Amino acid sequence: MIFGRRQILAGALAGAAGVAIRAQTALAQTSNLFDLIGDDGKPIVNYRLPAELSVTDLPGVVWVGSSSPDVILVEFFDYNCPYCRKATGDLDTLVAKDKNFRLGLVNNAVVGGVGSVQAAKVQQAVLKLYGPARAYEFHKALFAHHGQNDGLSSLDIAKKMKLDAAAIETNADADDVGSVLIKQAKLAQSLGFDATPSFMLKGVGLLGYPGAKSLHAMIAAVRSCDKLKCG
């Protein structure tokens, strides 16, 4: 059971990912790469990411949007992160309206402990059984859910979506799913993503959600001058 014998695995993964919150990684910058301001008027922490650290070969990424994009944004999120909840609606609007935009979703369960890890395991099972389009719908449904996201609430949402909850639970409990989440958590830590949401855009790491207007401006700049800010 996802809440029985695998509980130790879930707890261990949550603890390993949580190290990123307490640690100052080598990627942390004393000054920002670009002078970026969020919708709240505060500077956006941003820094160059090592080219060798990417999601190219990372398993378990939920990809949505254009198959031939000119801009790719990757979000590292936690299913119990309130800022991720806000970002989800804005990003979904981008996916729906911008036909040249592609979004990748990577789990970084550092906020909600074991509950977040369990929700991530269920998400990975949905991806495995039903593919990225259905996994994306499930992703949005989790963030539309009011209250703590954990294994039980995630399976309940799967049932409401008419998915096979028993098969999902079995697959969520599999070793390969745990392995995928560990790889995702380790990449997030290596990238210095000690907050959720964090983003990868054009080789740059962004800590925190900048807001819809700021994000739109960065995407426009990438298309105009191949950088997050022109000039």
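Student: How do the residues of the lining of the largest pocket divide into nonpolar, polar and charged?
Tutor: In this predicted model, the lining of the largest pocket divides into seven nonpolar, three polar and two charged residues. The residues that line the pocket are Asp40, Cys81, Pro82, Tyr83, Lys86, Ala195, Thr196, Pro197, Gly208, Tyr209, Pro210 and Gly211. Asp and Lys count as charged, so Asp40 and Lys86 fall into that group, whereas Gly counts as polar, so Gly208 and Gly211 join Thr196 in the polar group. The volume of this largest pocket is about 210 Å³.

Student: How do you know that Cys81, one of the lining residues, is buried?
Tutor: The relative accessibility of Cys81 is 3%, and buried means under 20%, so Cys81 counts as buried. Cys84 has a relative accessibility of 0% and therefore also counts as buried.

Student: What makes the peptide bond between Thr196 and Pro197 worth a remark?
Tutor: Thr196 and Pro197 are joined by a cis peptide bond, with omega at about -5°. Most peptide bonds are trans, which is why a cis bond is pointed out. Pro197 has its place in the loop between α7 (175-190) and β5 (198-201).

Student: Where is Ser198, and is Ser198 buried or exposed?
Tutor: Ser198 is placed in strand β5, and with 0% relative accessibility, set against a limit of under 20%, Ser198 counts as buried.

Student: What does the side chain of Ser198 reach, and how do you know that this is a polar contact?
Tutor: The side chain of Ser198 reaches the backbone oxygen of Ala195 at 2.6 Å. A polar contact needs a pair of N or O atoms within 3.5 Å, and the value of 2.6 Å therefore meets the distance cut-off.

Student: Why is the pair of Phe77 and Phe143 called edge-to-face?
Tutor: A pair of aromatic rings is described by the distance of the centres and the angle of the planes. The model has five aromatic pairs, and in the one formed by Phe77 and Phe143 the distance is 6.1 Å centre to centre and the angle between the planes is 65°. Rings pair if their centres lie within 6.5 Å, and planes over 60 degrees apart count as edge-to-face, so both values fit the name.

Student: What does the pair of Phe77 and Phe143 tie together?
Tutor: Phe77 lies in strand β3 (residues 71-77) and Phe143 in helix α4 (residues 132-144), so the pair ties together parts that are 66 residues apart in sequence. Phe77, at 0% relative accessibility, is buried, and Phe143, with a relative accessible area of 5%, is buried as well.

Student: Why is the pair of Tyr79 and Phe143 called tilted?
Tutor: The ring centres of Tyr79 and Phe143 are 5.2 Å apart and their planes stand at 40°. Planes under 30 degrees apart count as stacked and those over 60 as edge-to-face, so an angle of 40° leaves the pair as tilted. Tyr79 lies in the loop between β3 and α2 (82-97), and Phe143 in helix α4, so this pair ties together parts that are 64 residues apart in sequence. Phe77, Tyr79 and Phe143 form one aromatic cluster.

Student: How do you know that Cys225 and Cys230 form a disulfide?
Tutor: A disulfide is a covalent bond between the sulfur atoms of two cysteines. The sulfur atoms of Cys225 and Cys230 are 2.1 Å apart, within the cut-off of 2.5 Å, so the pair counts as a disulfide. The structure holds one disulfide, and the link of Cys225 and Cys230 is left-handed, with -95° about the S-S bond.

Student: Why is Cys225 called partly exposed?
Tutor: The relative accessible area of Cys225 is 27%, which lies between the limits of 20% and 50%, so the residue is partly exposed. Cys230, with 34%, is partly exposed too.

Student: What makes phi of Lys162 stand out?
Tutor: Lys162 has a positive phi of about 65° although it is not a glycine. Most residues other than glycine have a negative phi, which is why a positive value is pointed out. Lys162 is found in the loop between α5 (151-160) and α6 (165-172), and its relative accessible area of 75% is over 50%, so Lys162 is exposed. Asp226, in the segment after α8 (212-225), also has a positive phi, near 65°.

Terms used
Residues numbered from 1 in each chain as written. Predicted model: local features only at pLDDT ≥ 70, side-chain atom pairs only at ≥ 80, totals over all residues. Heavy atoms only, no water. Phe/Tyr/Trp six-rings, centres within 6.5 Å; stacked < 30°, edge-to-face > 60°. Helix = DSSP H or I, 4+ residues; strand = E, 2+ residues; numbered from the N terminus. Buried < 20%, exposed > 50% of the residue type's maximum accessible area, 1.4 Å probe, protein only. 1 Å grid on protein atoms, 1.4 Å probe; cavity = no way out; pocket = protein on both sides within 12 Å on 5 of 7 lines; lining within 4 Å. Points joined across faces, edges and corners; volume = space filled by probe spheres on them. Polar contact = N/O pair within 3.5 Å; in protein donor to acceptor, adjacent residues only side chain to side chain.
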